[in-house]
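User: I would like a close look at a single part of this model, taken slowly and with the neighbouring elements brought in where they help. Please give me one connected account rather than a list.

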Amino acid sequence: MSTPSRVRLRAYKVGFGDCLLLTMTYRSKLPDGRTERHVLIDCGSVARADDGPRMAEVAELIAEHSGGQLDAVVATHRHRDHVGGFGDARAGETLDRLKPRLVIRPWTDVPESERDQLDDDQRHFLGILDQLPAQAERLGLFAFDSVAQAKRAARLAELGFKNAAAIARLEGWASDSKAHYVTAGETIDVEAELPGVKIQVLGPPTLKDVPALTRYAKESEEYWLGLAGDSALAELLQPSGTATPARARRTLAQPGGVGAAEWLLRNLDERRVSQGLEIVEALDDVLNNTSVILLVTIGSRRILLPGDAQAENWSRTLDQLKTNRRLATALGKVDLYKVGHHGSRNATPKRLTAHWAQSAHPVTSLLTTKRGVFEKSREGAVPKPELIDGLAALGPVHNTDDLPPDVWWLDLEAPTRGPANFAATPGPPVR
Amino acid sequence: MSAADQNLLHHDTVAMTVFAQDPIVLTAGKLPLFAQLAVPAERLQRGPRGHRFHVVDVGVGTNAAAAPVVLNDGDPWTYRDRWDADHRPADPALLVEDADFRAQNLFAVAAHTLALFERHLGRPIPWQSRYPQLYLVPRARIEANAFYSREHNAVLFGWLPATGDQPSLYTALSYDVIAHEVSHAILDGLRPRYTEPGLPDQLAFHEALADIVALLSVFSLKDVAKRLLDNGNGKIVFPGDEAAMRNPDQEVGRRLMAEWRAAELKATPLTLLAEQIGGRRTPAVPGRYPALRRSVDLPASSAWTTDPAFLEPHRRAEVLVAAFLQTLVAIWAARLDPLRVDQDGVDVNRVAEEGVKSAQHLLGMLLRALDYLPPAELEFADVIDAVLTADRRLASDDDRGYRDKLRAAFAAFGITPPEHQMVDEDGDAAPPPAARRTPTPYRADPDAKTRGGIRYEHLNLAALRTSPEEVYQFIWNNAGALGIDVRLTTRVERVLGSTRVGPDGLVLNETIADYVQILRALPAELPPGIDAPDGLPADEPVELLGGGVLVFDQFGRFRLHQRKPVLDVDRQNRRLQYLAKRGFRDGGDKRRFALLHDGEDEQ
């Protein structure tokens, strides 16, 4: 049996988004004559790095770095910053030439034609997911309290816009070769495509395992989802033609709009908590929670790739830490962590970092982000400084946003055996 | 004046119709459970608006406004209940969607809750804002949550419009939610410093008090307990009774019967919080009401003290709520002992009556103790200490053993009153023996020696009842005897009169004075023994808090001192460590007290 001797995770400087190429190197030639295997994990961006490549250029790099063949493609979830590149006409054509042999996507992305295998609850949930893009486009039009909020909401909404071209391309690859629509708990058999590599799926859970996936954190969100499905949400949150602050004052702050309720009306209006933004964030999280979480084991190296999974997606796996010894051990020995959701709140569960701190195994972290894309909200900045500090206590933290000018990728490479950990090497300057 | 009109000048209270729990809680006959709530009589303006509450029905952001409701026929000194048994529509769904009824429901439960606090403390309670009215907004936001917002001087109630097969949900129709949120507002008026960054018990007490008031005050509503317990024929059956009575050892049988009955009583909707919201959040279990929280089932142990999940205020609060509710069912079951058991069960009227008495008594014990809680740096142990002390002062004998039961319930959760923290001039609790005093970083103030115990010389006893300066002079003159180091910044924040009536009618007039001590120092200059945690910026001062309550009797004599010394090295270290772990993020004026909280895994 062939086993890889080295493993490398190459993160392209795509700005705010993920585009990662995982390469395994083998000592001897594999049956097809190659000595490498390549997995592309996501390819998308919503805000290009100022000195970074265009999507078409990224695709050309991937073609070059993979020697013209992709053995697997992972599309963690449907957001633009993860799959946008697949929908880009020029990048897509380049990637088509790499003929991916296997496509890995979450169970929530099962194509229309195969949905009859799902149960009613699951189909209902997917029906809601289908409504999200249209809703996202409408949410961007909401009235917001401040320019910063409106900008953030527009950015978030944009992530969820329909990505028909990207989805069509992924489904095309899948029908030409092989596809896995995965759920937490399974181990994908990739021996044919990636000899000596083990891929465990830690997320997304099924609805039965974690009903909270649709209804997590607050009851209201399921409502918003339901309402989003009915397209009834916008009317409830937008001031209608007749409901103006002046009219509300006349009705409630008698006499003449200057009565005692005027103070409250003014204060609610000035310092209101924008529900529009909260709802946009909540709907954004619903899709994030469909992210595939993969634990990839190559020899004694372990790489954790959680996409943008949020706490609810993680919950099934983390709930098992106390009872499932093997899972706890495997997760405790992660060497390289692609930081979830570009370093935002709620994507790297406390229980996970606590587990690492306890196991005292050094963890190298990789952030794929661009600062300043998401304005500070009530929840804080992306990436979140407290989280980065916490990860720095566990091991080195690398950020694609810190690459020198005109350097378009960052490599994290390690032998598959022995104590040496992942070493970071920036790519050469392109100009 | 029609038959349903009630004169607001000739009565102390008027009866207003409200949902006794929320629209989904039904009687055995499958009818929604209404109550005629006793609301203090006052002149009512459109809104409704009284002298303490103002209902403003506006949607935040949408400006959707419902016209203020008028609850009379033109004379503001009359009140007409448009929704009493003779007038309300037969279909409860019509009532749920009626904005006027929602406004009355909200106003009535809020006013009833405030009256409950004021009756037990014997004085009006101000809002934190110092404005006379607190705003109540029944349809503020679209969410199944509600919160008290100090910055808006308002409680904002969420709602969810009907969609698909789900009916609409208004948190302003839930007795538990209204009582819970208004209790937050009341406590914030009484103890504004409980929102300062502090140990986790402080915010948890906010949640616990709100839950306990919501749960126990329902009992006092006429007939509600009875109708919830009634199986349809005026009886309640305790399945364990028969086996208990067959027990050959009569003593054992009695004990078992009380235990098994207590377990049964635990399962009634009376001990469950916010059923309708709970039902939306958790899948239904047949035969059981859903609930947002069922703290009564929390097993009694001290395991919570080391479980990080219990650092979240709502979760932590469940410890106190469980201690109170478990005491309640124990007292209740004990009071049922003399009741006759017929073949078809026990008379539900009598069972309910005993439940009402037990709940009222226990709630009274808690509310009467609020003035004895330290004004800052509250910990759970202070709660049980204050409750026992306040109850002892009002009811010296405790023939039904309520105090012992409560003390035991708290002890089962690992919470015991601190010894010698409350110094009672009567000698009930002497000052701590020197050997057991908490170590202090500085030697006693050599200038503060007091000769011959407490001195009253130079004091104006009339001024002592109202003036913070006069109380400060008392502290100044007796700093040594009281153990208050007045070299540190010390301020008397409030002096109040309180008139409380004990269970047997004993009236206790007291003057309650709160003082606070504040110490600010750079991390490097903290008092010896108090260590700044890592990660604290060296150039930002740390604020340490302490304080206490001084109680004087109607003759101006000093009676009691509740102390949380600012220089308690152990407590201050625990607080700084805890705040450091939380990233110093607690507190702030904009803190909102919501019914629910976000996920526990957030970084």
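**Helix 6 of chain A and its surroundings**

Analyst: The buried residues of helix 6 of chain A are covered by a set of elements that includes strand 4 (72-74), helix 2 (80-87), helix 3 (89-96), strand 5 (103-106) and strand 6 (179-182) of chain A. This is a predicted model, and what follows should be read as a description of that prediction.

The helix itself comes first. Helix 6 of chain A runs over residues 164-176, and at 1.5 Å a residue its 13 residues should span 18 Å, which agrees with the 18 Å that separates its end C-alpha atoms. The buried residues of helix 6 of chain A are A:A166, A:R169, A:L170, A:W173 and A:A174. Seen down the axis of helix 6 of chain A, these buried residues fall within an arc of 140 degrees, so they line one face of the helix. The spacing follows a general rule: an α-helix has 3.6 residues a turn, so residues three or four places apart point the same way. On the other side of helix 6 of chain A, A:A164 and A:S175 are exposed.

Among the covering elements, strand 5 of chain A deserves a closer look. Both of its faces are covered, with A:V103 and A:R105 buried on one side and A:I104 and A:P106 buried on the other. In a regular strand the side chains alternate between the two faces of the sheet.

Strand 5 of chain A also pairs with two other strands that help to cover the helix. With strand 4 of chain A, strand 5 of chain A pairs in the parallel sense over two bridges, and here A:V73 stands opposite A:V103. With strand 6 of chain A, the pairing of strand 5 of chain A is again parallel and runs over four bridges; in this case A:I104 has A:H180 of strand 6 as its bridge partner.

For a second example of a one-sided helix, consider helix 16 of chain A, residues 385-392, in which A:L387, A:G390 and A:L391 are buried. Viewed down the axis of helix 16 of chain A, its buried residues fall within an arc of 95 degrees, so they too line one face of the helix. The face of helix 16 of chain A turned away from that buried side carries the exposed residues A:P385, A:D389 and A:A392. The cover over the buried residues of helix 16 of chain A includes helix 15 (350-359), strand 12 (364-367) and strand 13 of chain A.

Notes. Residues numbered from 1 in each chain as written. Chains lettered and ligands numbered in written order. Predicted model: local features only at pLDDT ≥ 70, side-chain atom pairs only at ≥ 80, totals over all residues. Buried ≥ 20, exposed ≤ 12 C-beta atoms within 10 Å, placed from the backbone. Arc of directions from axis to C-beta. Contact = placed C-beta atoms within 7 Å. Expected span 1.5 Å × (residues − 1). Pairing = 2+ DSSP bridges.
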